[in-house]
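These exercises deal with aromatic rings and their surroundings. Work through each task before reading its solution.

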Amino acid sequence: MSASAVFILDLKGKTLISRNYKGDVSMTEIEHFMPQLMQKEEEGILTPLLSHGKIHFLWIKHSNLYLVATTSKNANASLVYSFLYKIVEVFTEYFKELEEESIRDNFVVVYELLDELMDFGFPQTTDSKILQEYITQQGNKLEIAKSRVPSTVTNAVSWRSEGLKYKKNEVFIDVIESVNLLVNANGSVLLSEIVGSIKLKVFLSGMPELRLGLNDRVLFELTGRNKNKSVELEDVKFHQCVRLSRFENDRTISFIPPDGDSELMSYRLNTLVKPLIWIESVIEKFSHSRVEIMVKAKGQFKKQSVANNVEISVPVPSDVDSPKFKTSVGSSKYLPEKNVVVWTIKSFPGGKEYLMRAHFGLPSVEKEEMEGRPPISVKFEIPYFTVSGIQVRYMKIIEKSGYQALPWVRYITQSGDYQLRTS
């Protein structure tokens with residue numbers, strides 16, 4: 001079972017637009033949503049599911065909107081939440097920004113989309129590329145040809161149109177890994193994980209069949225290969241185009257890809273990563289006169305690799321003034337509105353160590369610093385490198401016309417939520 005109706009509300013709880021899918025829940029029930037939300041918020045027990053009598057509200061918040069689904073039955077909650085997030089994704093691809101104004105400016109398109117996305121409470125066509133073939137933002141210019149629903153919607157392959165043609169057949173594969181790290185003030189790693197994503201940019205004619213080979217540990221064990229250079233993937237999520245039965249059976253990732261950009265899969269690894277950029281900091285306060293900060297950054301990755309656009313954000317007390325900086329490389333600037341110094345290094349080779357010194361004046365009457373010091377955060381990007389060691393071993397492209405196609409692979413490691421606490 002799924003949603004009875006979907007509502008989009010403003011921050012005051014006023015309905016901007018709604019769509020009744022099943023008619024088994026009164027549309028006036030939504031009036032109880034906002035009072036429930038505010039009451040639970042005041043009590044400090046706000047949950048993603050609120051109830052009023054026998055009616056349940058499953059809701060998410062996005063910018064200045066609430067998206068709410070109502071149901072009176074024991075609905076499949078994870079399906080409903082996936083659907084609400086899918087609405088956000090589709091509307092964002094249509095209107096760039098999803099907020100109250102974009103709903104008000106595009107009522108007709110929004111209503112048409114709500115009509116196509118779900119039928120009688122069950123999700124239908126949720127691929128925005130396919131929706132854009134027949135729901136256009138030039139509402140008045142609906143041509144006769146466009147008024148026919150593309151066959152893609154009724155196809156087994158609903159995410160790809162037929163009859164695509166390219167002069168040059170190519171696939172670009174991006175393997176992007178984000179490193180989430182939290183280090184405490186003693187230098188111990190509290191949290192370390194890699195969140196990976198394989199993205200595709202596909203320019204292929206016809207209906208090609210693709211097969212992707214990774215150095216997946218389970219596959220290597222199944223086929224009796226040496227598993228030293230393999231990677232154990234957890235929490236793997238696939239795009240709907242991947243044949244899951246095939247993957248579960250023999251770990252083959254086989255699929256007919258969507259055209260253009262898409263995320264083929266995402267994965268997570270809970271491995272203790274040696275922090276790629278290590279930060280040490282010393283903060284000295286000289287009472288009522290000045291504060292001195294020394295930060296040392298060290299690249300703890302291979303010498304052949306280079307981290308680009310490194311930004312190290314160092315928190316400083318909120319009442320400092322007259323900043324002076326000295327850096328061995330890069331540049332520093334003070335952002336008073338955020339109470340941080342940002343040290344920017346365009347290019348940071350592995351194995352190198354750099355220093356930054358900052359000197360600030362303090363007022364003669366100091367504020368009592370009650371709050372704890374926020375952590376130092378680091379942003380970076382390292383091309384041609386993955387922390388996990390994941391590798392694309394092959395990409396086979398088979399199409400009945402027999403054309404030759406080129407796959408291109410690029411690896412990038414970047415910072416996710418990367419923080420080091422200071423003592």
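**Exercise 1.** In this predicted model, classify the exposure of Phe172 and Phe203.

*Solution.* Partly exposed residues fall between the 20% and 50% limits of relative accessible area. Phe172 has 30% relative accessibility, so Phe172 is partly exposed. Phe203 has a relative accessible area of 26%, so Phe203 is partly exposed too.

**Exercise 2.** State how many aromatic pairs the whole structure holds, then classify the pair of Phe91 and Phe95.

*Solution.* A search of the whole structure gives 14 aromatic pairs. For Phe91 and Phe95, the ring centres are 5.9 Å apart and the planes stand at 55°, so this pair is tilted. Both residues belong to helix α2 (residues 77–95); because they are 4 residues apart there, about one helical turn separates them. Phe91 and Phe95 are both buried.

**Exercise 3.** Classify the ring pair of Phe172 and Phe203 and place it in the secondary structure.

*Solution.* The ring centres lie 6.2 Å apart with planes at 80°. Planes over 60 degrees apart count as edge-to-face, so the pair of Phe172 and Phe203 is edge-to-face. Phe172 is in strand β8 (residues 170–183) and Phe203 in strand β9 (residues 189–203), so the pair ties together parts 31 residues apart in sequence.

**Exercise 4.** Name the residues of a ring cluster, and find charged groups placed over rings.

*Solution.* Phe33, Phe57, Trp59 and Tyr66 are linked into a cluster by ring pairs. Arg290 lies over the face of Phe286, 3.9 Å from the ring centre. Over the ring of Tyr394 sits the charged end of Lys396, at 4.8 Å from the centre.

Technical notes:
Residues are numbered from 1 along each chain as its sequence is written. This is a predicted model: local features need pLDDT of at least 70, side-chain atom pairs count only at pLDDT 80 or more; totals for chains, interfaces and linings use all residues. Side-chain values use heavy atoms; hydrogens and water are left out. Rings of Phe, Tyr and Trp (its six-membered ring) pair if their centres lie within 6.5 Å; planes under 30 degrees apart count as stacked, over 60 as edge-to-face and the rest as tilted. Helices (H or I, at least four residues) and strands (E, at least two) are DSSP runs, numbered from the N terminus. Buried means under 20% relative accessible area, exposed over 50%, partly exposed in between (1.4 Å probe, protein chains only). A charge sits over a ring if NZ of Lys or CZ of Arg is within 6 Å of the ring centre and within 35 degrees of the ring normal.
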